[in-house]
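Here is a short tour for anyone meeting this protein for the first time. Have a look at the sequence and the model, then read on.

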Amino acid sequence: MPTASLPDALIISLFWVFAALCCGFAAVAGGKTGRTGATMIMTASVASAVAGEFGTWAQIHVPVMAIDLFLLVGFYWLAMRSENFWPIWATGFHLITVVSHFAMLLSDDVRQMLYYGFGAFWSLPVMLAMVIGTTLDRSGTPAQS
């Protein structure tokens, strides 16, 4: 991760609170799919935070890209085996993160914070899809139209 200023540190702290709340809710209320998804998200988030300290965001960040690819495969696997719909949405949102890594291969003048931020931003809709989907599954509201 690029060097964090005080506002950046606050945003990072808010992300971890948000991730813990979303994943905690899904793990408790989401059954096997929720526990699996929450575990995958938290594991990938911690691994990405550690891997982000190595290498540079000025070019493609191979360790974080590998983690994101593994998470994409995991979401796809979960979506194919679950009766819930949120893993499909999570897979789609996370695919955008993976595409951002490949976009770095095509352009060498992308700023570090843009690359880092674009990948990090899409983790928020992934977690929201998990929470909203788990809530709809619990209430019995059909998620498909």
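## Starting at His94

Let's begin with one residue: His94 sits in helix 4, which covers residues 86-106. Keep in mind that this is a predicted model. Is His94 buried or exposed? Its relative accessible area is 5%, so His94 counts as buried.

Who are the partners of His94? Setting aside neighbours within four places in sequence, His94 is in contact with Asp68, Leu71, Leu72, Phe75 and Val126. Asp68, Leu71, Leu72 and Phe75 are among the buried residues of helix 3, while Val126 is one of the buried residues of helix 6.

## The whole chain

Now step back. The protein chain has six helices and zero strands, so its elements, read from the N terminus, run α-α-α-α-α-α. A compact globule of 145 residues would have a radius of gyration near 15 Å, and the protein chain comes in at 16 Å, which agrees. Along the principal axes, the C-alpha atoms fill a box of roughly 45 × 30 × 25 Å.

Buried residues account for 36% of the 145 residues in the protein chain. About 8600 Å² is exposed, with carbon and sulfur atoms supplying 71% of that. Take the contacts between residues at least 6 apart in sequence: 67% of them join residues at least 24 apart. As for charges, there are 5 positive and 7 negative ones, and their mean positions lie 16 Å apart.

## Helix 3 and what it packs against

Helix 3 takes in residues 62-81. Those 20 residues should span 28 Å at 1.5 Å a residue, and the end C-alpha atoms are 29 Å apart, which agrees.

Which residues of helix 3 are buried? They are Val64, Met65, Ile67, Asp68, Leu71, Leu72, Gly74, Phe75, Leu78 and Ala79. An α-helix has 3.6 residues a turn, so residues three or four places apart point the same way. The buried residues of helix 3 pack against helix 2, helix 4 and helix 6.

## Helix 2 and Ser45

Helix 2 runs over residues 31-51, and Ser45 is found in it. With a relative accessible area of 13%, Ser45 is buried, because the cut-off is under 20%. Leaving out neighbours within four places in sequence, Ser45 is in contact with Phe15 and Trp16. Both of these partners fall within residues 6-29, the stretch that forms helix 1.

## Helix 6 and its link to Ala29

Near the other end of the numbering, helix 6 covers residues 123-139. Its 17 residues should span 24 Å at 1.5 Å a residue; the end C-alpha atoms are 25 Å apart, which agrees. The buried residues here are Pro125, Val126, Met127, Ala129, Met130, Gly133 and Thr134. Just after helix 6 comes Gly140, with a positive phi of about 80°.

Ala29 belongs to helix 1, and its relative accessibility of 14% makes it buried. Which residues does Ala29 touch, not counting those up to four places away in sequence? The answer is Thr134 and Arg138, and Thr134 is itself one of the buried residues of helix 6. Ala29 can also be compared with Met127: the two are 98 residues apart in sequence and 14 Å apart in space, C-alpha to C-alpha.

Definitions and conventions:
Residues are numbered from 1 along each chain as its sequence is written. This is a predicted model: local features need pLDDT of at least 70, side-chain atom pairs count only at pLDDT 80 or more; totals for chains, interfaces and linings use all residues. Side-chain values use heavy atoms; hydrogens and water are left out. Helices (H or I, at least four residues) and strands (E, at least two) are DSSP runs, numbered from the N terminus. The radius of gyration is taken over C-alpha atoms; the globule rule is 2.2 Å times the number of residues to the power 0.38. Buried means under 20% relative accessible area, exposed over 50%, partly exposed in between (1.4 Å probe, protein chains only). Contact means heavy atoms within 4.5 Å. Accessible areas come from the Shrake-Rupley method with a 1.4 Å probe; for residues, only the protein chains shown count as cover. Lys and Arg count as positive and Asp and Glu as negative; His and the chain ends are not counted. The place of a charge is taken as NZ of Lys, CZ of Arg, CG of Asp or CD of Glu. The expected span of a helix is 1.5 Å times one less than its number of residues.
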